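Got the viewer open? Let's take a walk through this one, stop by stop, with something to select at each.

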Amino acid sequence: MRPSRRNLFQAVGAGAALLAAGTPDVNAADAPATPPAAAPATPPALPPDFGKASSANNPVNIVSPEHLEATARKTISPGRFAITGWSGEGLTYRANRASLDATPILTRRLQRIDEKAIDLRTSILGHELPFPMITCPMGGHGSFHVDAEVATAGGTGAAGTLYVSSGASTRPMEDIAKATPGPKWFQIYMNRDMELNRWLVQRAKGAGFTAIVLTADALGPGQSDEYIALGRPRDPTLTVGNHDPRYGGRGNFGDLKRDLSFSDISFLHEASGLPVVVKGVVEPEDIREALASGAAAIWVSNHGGRQMDGGPGSFTLLRPAVDAVQGRVPIVFDSGVRRGVDVFKAVSMGATVCAVGRPVLWSLMCGGAPGVKSVYDWMAGELHSTMLLSGVSRAKDLTPRNIAATKI
Ligand SMILES: Cc1cc2nc3c(=O)[nH]c(=O)nc-3n(C[C@H](O)[C@H](O)[C@H](O)COP(=O)(O)O)c2cc1C
């Protein structure tokens, strides 16, 4: 998904009839429309060419991330697809890929590697995973697939790995939890109403989520030029499942707490009794303070370039983060992870797991739950062959010596 003038003009042409929908608080998919007090008898009409969400339900033959994205783009309208974009002109979005691409893998030879013994397994916060990949929290899957997060969580669980449920999910957290047999964490966008936050994280614990992810970096509009040019399309019938009164929810999702501080980490831990993972802290000083405030894991991310534009590629932030953490807690890495080779590089640099974002959404559009499983099978397969070809048996044995880390 490379921002280009051509894409922009194509999208504007296709979406000329879309209605302007006002400025949402954070990115459109991260924060769907605030639910009404009661469900309207007749849902408001969709903009004329907003089209339908995908209903595909099949395994996907993955050739490359670019091919997957191009195929996904054809499954839904430009207005829906633009919700998956970046902020501004996509400088940070492109930097994410550039920072990973700039780091070559180094190879060992004559290492007696038995292909059948290659071991991708890892563990994080007490969960054994078949490979070092988990699903990013992403909001509003109902814009992309009729089964929304139930399909994404189901596909992630079928692949055997951990699902992180967005606080801005279309479906309520209980439905999402039931959809996956695998481990799951709940991501919260903190509300100004602290009792609502307490209620949400306690509810998450009751639903079977085993950690709370505090997203620290989503504070602003974060919209792409393309999305704005389309008139900021959003499906007015979609609500935030956890707050929707039809599903027993309450509170105003849009009343976000902007003045987040380190004390919110201890609040969430005390309120839930669960470990708190802090997502989007990247400066070593912030990471040290987050750890001092009780963070159980650090998640290095720039939100996939969907918040501040003009920042560094996420991979360049990983090494300083690893140095700041000094092995005290696990590290999750995301933003730009597209292939098994990217996972190899990030784990070599010191990440415990990579979180997969847009490729999961693209595979959701192309194939629903079986499609999501396909993307993990494909990425794990590439990680496996990269280990074989670079002379490493176990993912747990990867170190910075396996990459030319000094080059970034
Ligand atoms: C459509 C979309 C919605 C997202 N919603 C959320 C969200 O609700 N909460 C959150 O913490 N991050 C959200 N993110 C950010 C992802 O968790 C992750 O940081 C990002 O997708 C990684 O970048 P990548 O997809 O380019 O690899 C969202 C990302 C996308 C693409």
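Start by selecting alanine 296 and everything it touches. Setting aside neighbours within four places in sequence, alanine 296 makes contact with Leu125, Ala211, Pro275, Val276, Val277 and Val329. Draw a distance to one of these, valine 277: the two C-alpha atoms sit 5.5 Å apart, with their positions 19 residues apart along the chain. You'll find alanine 296 in the loop that links helix 10 and strand 8. Is alanine 296 buried or exposed? It counts as buried, because 20 C-beta neighbours fall inside 10 Å.

Now zoom out for a moment. Keep in mind that this is a predicted model. The chain has 13 helices and ten strands, and of its 408 residues 57% count as buried. Take the contacts between residues at least 6 apart in sequence: 78% of them join residues at least 24 apart.

Colour by pLDDT next. The chain averages 89, with 87% of its residues at 70 or more. Then select residues 1–26, where pLDDT stays under 50; the model gives this stretch 56 contacts beyond four places in sequence. Residues 32–40 also have pLDDT below 50, and here the model has 23 contacts beyond near neighbours in sequence.

On to helix 11, so select residues 314–325. These twelve residues reach 16 Å from first C-alpha to last, close to the 16 Å expected at 1.5 Å a residue. Show the side chains of Ser314, Phe315, Leu317, Leu318, Ala321, Val322, Ala324 and Val325, which are the buried ones in this helix. Why do they end up on the same side of helix 11? Because they cover an arc of only 155° around the axis. The general background is that an α-helix has 3.6 residues a turn, so residues three or four places apart point the same way.

What lies over those buried residues? Add helix 4 (91–101), helix 10 (284–292), strand 8 (297–300), strand 9 (331–333) and helix 12 (340–349) to the selection, as the cover includes each of them. Before leaving, step just past the end of helix 11 to glutamine 326, where phi is positive at about 50°.

There are further positive phi values to visit. Go to alanine 148, a residue other than glycine with phi near 45°. Alanine 148 belongs to helix 5 (residues 148–158), and is buried, since 23 other C-beta atoms lie within 10 Å. Then jump to arginine 232, again not a glycine, with a positive phi of about 50°. Look for arginine 232 in the loop between helix 8 and helix 9 (263–272). This arginine 232 counts as buried too, because its C-beta neighbours inside 10 Å number 20.

Glutamine 223 is the next stop, in the loop between strand 6 (212–215) and helix 8 (225–229). With 21 C-beta neighbours inside 10 Å, glutamine 223 is classed as buried. Put a distance line from here to glycine 90: the pair is 133 residues apart in sequence, yet 9.8 Å apart C-alpha to C-alpha.

Finish at the ligand. Which residues come nearest to the ligand? Out of the 23 around it, they are Cys136, Gly139, Ser166, Gly304 and Gly357. Colour the whole shell by class and you should get seven nonpolar, eleven polar and five charged residues.

Conventions:
Residues numbered from 1 in each chain as written. Predicted model: local features only at pLDDT ≥ 70, side-chain atom pairs only at ≥ 80, totals over all residues. Helix = DSSP H or I, 4+ residues; strand = E, 2+ residues; numbered from the N terminus. Expected span 1.5 Å × (residues − 1). Buried ≥ 20, exposed ≤ 12 C-beta atoms within 10 Å, placed from the backbone. Arc of directions from axis to C-beta. Contact = placed C-beta atoms within 7 Å. pLDDT = per-residue confidence, 0-100. Near = placed C-beta within 6 Å. Nonpolar A, V, L, I, M, F, W, Y, C, P; charged D, E, K, R; others polar.
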